[in-house]
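Hi everyone, thanks for coming. Today I'd like to walk you through a structure that is new to most of you. Let me bring it up on the screen.

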Amino acid sequence: MNQPHQLTRDDARRIAVRAQLLAAARPTDLFDVVRHLTVLQAEPTSAIAPSADLVLWSRLGPSYDPASLRDALDEQRLIEHQGFIRPAEDMALFRAEMAQWPGSGELTDWQVARAEWVEANDGCRRDLLERLRGDGPLPASELPDSCEVPWQSSGWNNDRNVRMLLQLMVARGEVASAGRRGREQLWDLAERIYPDDPVPDAEDARRIRDARRLTALGIARAKAASSPGEQHDVGEAGEAAVIDGVRGSWRVDPAYLDDAPGPGRAALLSPFDRLVQDRKRLTEVFEFDYLLEMYKPAAQRRWGYYALPVLYGDRLVGKLDATADRAEGALVVTAVHQDEPFAPEVAEAVDAEIASLAEWLGLELV
């Protein structure tokens with residue numbers, strides 16, 4: 001049995017940064033980036049720009065045009081699935097799980113409850129399918145609500161019957177996102193959206209997703225707590241690794257092990273960027289203290305409503321508190337929080353990246 005790779009935190013950070021296409025050499029093609037990263041979170045908050053656009057800009061630089069992402073979604077080369085944007089060809093890796101909905105093995109109480117709610121509203125489900133078959137793609141606002149049992153929750157989804165039923169029909173593989181009309185998401189029959197690719201069985205699909213996720217992350221835990229949407233663990237993909245001073249069973253993509261440290265570059269990251277999204281890895285490997293504070297009262301925020309983590313080389317070194325004031329035509333920088341005082345070359349690189357962000361947004365830097 002091979003011994004685990006012995007890695008320092010520096011090694012692990014360097015691997016993670018390179019895997020996330022944040023090293024000095026920038027990629028040049030949008031589809032290559034999305035295929036490699038496997039996923040972009042479709043989080044629409046636009047305090048600066050939507051998360052997916054920030055992720056692509058931080059890799060591609062100012063040549064990235066957000067319209068190209070919208071076109072790819074409208075043309076269904078990329079597909080928004082349960083809040084995440086994925087390459088269309090990857091949907092075959094999720095369709096086996098859709099066929100098993102609400103799940104395999106012993107079901108949880110919430111899985112049973114959702115299945116019972118869909119069954120109770122089977123007439124509405126059929127109405128939606130019939131309307132989409134004849135007139136789709138359509139937004140939820142143009143679909144009939146004939147639910148006999150309303151969706152009940154303590155949150156903002158209470159009585160949002162059609163939207164909740166559509167989400168469950170996505171999980172069942174019956175409907176799919178078909179791009180957007182303005183700010184409204186469009187829906188259509190899944191058979192008209194997903195490529196007609198062979199569907200592997202569920203276990204093979206999981207192994208393939210684990211391997212692709214590890215290629216995108218570089219280094220990750222073999223097991224981790226379940227996360228909504230995209231997971232943080234990679235099962236048995238790659239090879240075993242130990243990170244000095246960090247507990248846990250790690251897996252590393254060996255393709256990144258022979259990489260010598262390269263020149264550093266600065267990058268401003270979305271709060272939903274995959275480099276920082278696994279908060280446990282972020283704390284233990286990057287030793288970076290960070291929390292998205294837009295859900296906190298203003299008086300309790302340390303770094304700002306939508307602070308962007310600041311990367312330099314293989315270290316996360318601070319947070320940018322900035323807001324795009326489009327009415328005034330300005331990117332307003334409230335603060336650059338430095339975890340430790342920036343060296344001159346770091347400060348220069350971070351300032352240049354902030355200026356590049358303003359230029360890309362078409363805003364004056366204030």
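**A first tour**

Let's begin just past helix α1, where Leu 21 follows with a positive phi, near 60°. Before I go on, please keep in mind that this is a predicted model.

Now back up into helix α1 itself, residues 9-19. Which of its residues are buried? They are Ala 12, Arg 13, Arg 14, Ile 15, Ala 16, Val 17 and Ala 19. Notice that two arginines, Arg 13 and Arg 14, are on that list.

Helix α1 has a packing partner, α10: their axes are 6 Å apart and the angle is about 105°. Because of that angle, α1 counts as roughly perpendicular to α10. On the α1 side, Ile 15, Ala 16 and Ala 19 make the contact, and they meet Thr 215, Ala 216 and Leu 217 of α10. By character, that contact has five nonpolar residues, one polar and no charged.

Let's turn to another pair of helices, α3 and α4. Helix α3 covers residues 51-60 and helix α4 residues 66-74; their axes come within 10 Å and cross at roughly 120°. So here α3 is oblique to α4. The crossing of α3 and α4 is right-handed. Ala 52, Asp 53 and Leu 56 of α3 touch Pro 66, Leu 69 and Arg 70 of α4. This contact of α3 with α4 divides into four nonpolar residues, no polar and two charged.

Next, helix α5, which spans residues 92-99. Its buried residues are Ala 92, Leu 93, Phe 94, Ala 96 and Met 98. What covers them? The cover includes strands β3 and β4 together with helices α8 and α10, so we meet α10 here for a second time.

On to the aromatic rings. How many aromatic pairs does a search of the whole structure find? The count is five. Let me pick out Trp 117 and Trp 151, an edge-to-face pair with 4.9 Å from centre to centre and 85° between the planes. The two sit in distant parts of the chain, 34 residues apart: Trp 117 is in helix α6, while Trp 151 is in the loop between β5 and α8. Are these two rings' residues buried or exposed? Trp 117 has 8% relative accessibility and therefore counts as buried. Trp 151, at 12%, counts as buried too. Elsewhere, ring pairs join Trp 57, Tyr 64 and Trp 360 into a cluster.

Finally, some backbone details. Most residues other than glycine have a negative phi, and most peptide bonds are trans. With that in mind, have a look at the bond from Trp 101 to Pro 102, which is cis, with omega near 10°. Pro 102 lies in the loop between α5 and α6. Another cis peptide bond joins Gly 136 and Pro 137, with omega about 5°, and Pro 137 is in the loop between α7 and β5.

Positive phi values turn up in loops as well. Thr 38, in the loop between α2 and β2, has a phi near 75°. Gln 76, in the loop between α4 and β3, has a phi near 60°. As for accessibility, Thr 38 is at 6% and so counts as buried, whereas Gln 76, at 23%, counts as partly exposed.

That's the tour, and I'm happy to go back to any part of it.

Key. Residues are numbered from 1 along each chain as its sequence is written. This is a predicted model: local features need pLDDT of at least 70, side-chain atom pairs count only at pLDDT 80 or more; totals for chains, interfaces and linings use all residues. Side-chain values use heavy atoms; hydrogens and water are left out. Axes are lines fitted to C-alpha atoms, for helices over the stretch in contact, and angles run from 0 to 180 degrees between N-to-C directions. Helices (H or I, at least four residues) and strands (E, at least two) are DSSP runs, numbered from the N terminus. Angles under 35 degrees count as roughly parallel, over 145 as roughly antiparallel, 65 to 115 as roughly perpendicular and the rest as oblique. A crossing is left-handed if the near helix is turned anticlockwise from the far one by less than a right angle, and right-handed if clockwise. Contact means heavy atoms within 4.5 Å. Ala, Val, Leu, Ile, Met, Phe, Trp, Tyr, Cys and Pro count as nonpolar, Asp, Glu, Lys and Arg as charged, and the others, Gly among them, as polar. Rings of Phe, Tyr and Trp (its six-membered ring) pair if their centres lie within 6.5 Å; planes under 30 degrees apart count as stacked, over 60 as edge-to-face and the rest as tilted. Buried means under 20% relative accessible area, exposed over 50%, partly exposed in between (1.4 Å probe, protein chains only).
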